[in-house]
Amino acid sequence: MQDGGKNMLQFPYPNGKHANYAHDVSEQLHSYNRLIRQGRISECIDLLEDMERKGLLDMDKVYHARFFNVCKSQKAIKEAFRFFKLVPNPTLSTFNMLMSVCASSKDSEGAFQVLRLVQEAGLKADCKLYTTLITTCAKSGKVDAMFEVFHEMVNAGIEPNVHTYGALIDGCAKAGQVAKAFGAYGIMRSKNVKPDRVVFNALITACGQSGAVDRAFDVLAEMNAEVHPVDPDHITIGALMKACANAGQVDRAREVYKMIHKYNIKGTPEVYTIAINCCSQTGDWEFACSVYDDMTKKGVIPDEVFLSALIDFAGHAGKVEAAFEILQEAKNQGISVGIISYSSLMGACSNAKNWQKALELYEHMKSIKLKPTVSTMNALITALCDGDQLPKTMEVLSDMKSLGLCPNTITYSILLVACERKDDVEVGLMLLSQAKEDGVIPNLVMFKCIIGMCSRRYEKARTLNEHVLSFNSGRPQIENKWTSLALMVYREAIVAGTIPTVEVVSKVLGCLQLPYNADIRERLVENLGVSADALKRSNLCSLIDGFGEYDPRAFSLLEEAASFGIVPCVSFKEIPVVVDARKLEIHTAKGRNYPM
């Protein structure tokens, strides 16, 4: 932007004309007001700063609170500070508005900067500003900083009020520090500051997060014991139910829910959602329905979170038809239903292992042009896999990519488990390759499925006496494509940083087990270069049967597994060598006997 009348910043009027700021300040302010109504705060600042450079800005004609409120809603810290710099003589009220923007953005660094600006301006921070600073620290999870501000406030001679203590206790509750929460509450009581419902609710929340359910009910008793009893509200009820649920006391949570009727609390969808989530632990569908009925009678319109919770509950309770009815009823009532509810419904179909309903829902979503999420598609894929519909599942995987959705580790894990169940190694290998192309890092489940299928195929080849053994190196070594593939996949898992389980190690060892064949035993004896009579030769074969059953690579594999702590380490320096193989998988246990 340039002064001197050339290339000056201009803003359009509603009528399409342009304002030249050097001549018409009122029109510029008109443009500012239009921009602020539209929430275009960055352009507002550009306009005001340009007016400032031209000496045309009178900040007394600009409504400060309105701008800061828009900044709060947009969490626009940078623009709030730019606006503040244009205020010639900021008052403590101006600083408080700027501090509130920092609090809404959880920007503790910005909040402390505001405090420094107050001090540099020669003003004394008031209780409101300190309290907002404490709130900002609380939202940022900085409990120690929160108490440092509190002590600075007290040392400055500013008396904390109930909102200050409420902010302290709420910050402790969010951080799960129940002892500090009650410490702040104790200080509050010692200063004869009367607690309000917000303080009590914060204490109950802190108790719930730490599992101190009995202490939470003690707080409820204190509310009732006040000179002027403080009745619980929907936040109190919700916090108490959460405390009970976290402690596994579902029946107690249901008793708490009854307080909604006792105190004639209408509440919000959130408290009813909490009730649904609590009773989901016991699968009490009748109670869930009664909660929905209560909500309807009280005129509380369900939100998507509540509908999602109720539909999910229905799915776990095996009430798939009821789940569909809930969604349809919500739509009939004009309630906005989006992907959250549809995803829960797909999850319900998946939990009920009803792939037909899941597919029907998917087709409906396509018909209304509702784009699914990856988790929605994963639920559909799970339902199809459980229904032995692997070919259809592959079509859905293709659909995901056409919709611009990226299959994740869960997607490919579900598919590979289905492949192993059908023993379709070709599709499994294709999926493993495709996962890598999609940038998905294979996990243990995926590696285990491939190794499991290789293990079964090698076992079959070995049992049928197919050619799987070679003596080309002078020592017996397995030469089989399934063994090679299993070892390759296992090595890939190790390189990727995946720690295999003892079951996986055992399956790989199974791919290294030598065939049970008398001719092979004779060949092993010959390779040892031992000449013996028939009796001794028989004993030697018996020895080989006990200790020479695996490809030599098995020992290094076991050594590596021992270094990962998957199997116990064995010392060969002590005699006798003792190995407790009772808890090991069959091939791992046998492999522990392999000689050095």
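Start by selecting Asp423, which sits in the loop between helix H24 (409–422) and helix H25 (425–437). Look at its backbone: phi is positive, about 55°, although Asp423 is not a glycine. Keep in mind as you go that this is a predicted model. Now switch on the surface. With a relative accessibility of 30%, Asp423 counts as partly exposed, because that class lies between the buried limit of 20% and the exposed limit of 50%.

Next, go to Lys353. You will find Lys353 in the loop between helix H20 (339–351) and helix H21 (355–367). Here again a residue that is not a glycine has a positive phi of about 55°. Lys353 is exposed, with a relative accessible area of 55%.

Now turn to the aromatic rings. The structure holds 11 aromatic pairs, and a good one to begin with is Phe67 with Phe83. Their rings are stacked, with 4.2 Å from centre to centre and 10° between the planes. Colour by helix and the setting becomes clear: Phe67 belongs to helix H3 (residues 64–74) and Phe83 to helix H4 (residues 77–85), so this pair ties together parts that are 16 residues apart in sequence. Are these two rings buried or exposed? Phe67 is buried, at a relative accessible area of 0%, and Phe83 is buried as well, also at 0%.

Leave that view in place and add Phe68 to the selection. Ring pairs link Phe67, Phe68 and Phe83 into a cluster.

For another geometry, select Tyr257 and Phe287. The ring centres of Tyr257 and Phe287 are 5.6 Å apart and their planes stand at 80°, so this pair is edge-to-face. Which helices does the pair connect? Tyr257 lies in helix H14 (residues 250–257) and Phe287 in helix H17 (residues 285–297), so the contact ties together parts that are 30 residues apart in sequence. Both Tyr257 and Phe287 are buried.

The last two stops bring charges and rings together. Show the side chains of Arg252 and Phe217: Arg252 lies over the face of Phe217, at 4.0 Å from the ring centre. Then move to Arg457 and Trp482. What sits over the ring of Trp482? It is the charged end of Arg457, 5.5 Å from the ring's centre.

If you would like to retrace your steps, save one view of the loop residue Asp423, one of the stacked pair Phe67 and Phe83, and one of Arg252 over Phe217.

Definitions and conventions
Residues are numbered from 1 along each chain as its sequence is written. This is a predicted model: local features need pLDDT of at least 70, side-chain atom pairs count only at pLDDT 80 or more; totals for chains, interfaces and linings use all residues. Side-chain values use heavy atoms; hydrogens and water are left out. Rings of Phe, Tyr and Trp (its six-membered ring) pair if their centres lie within 6.5 Å; planes under 30 degrees apart count as stacked, over 60 as edge-to-face and the rest as tilted. Helices (H or I, at least four residues) and strands (E, at least two) are DSSP runs, numbered from the N terminus. Buried means under 20% relative accessible area, exposed over 50%, partly exposed in between (1.4 Å probe, protein chains only). A charge sits over a ring if NZ of Lys or CZ of Arg is within 6 Å of the ring centre and within 35 degrees of the ring normal.
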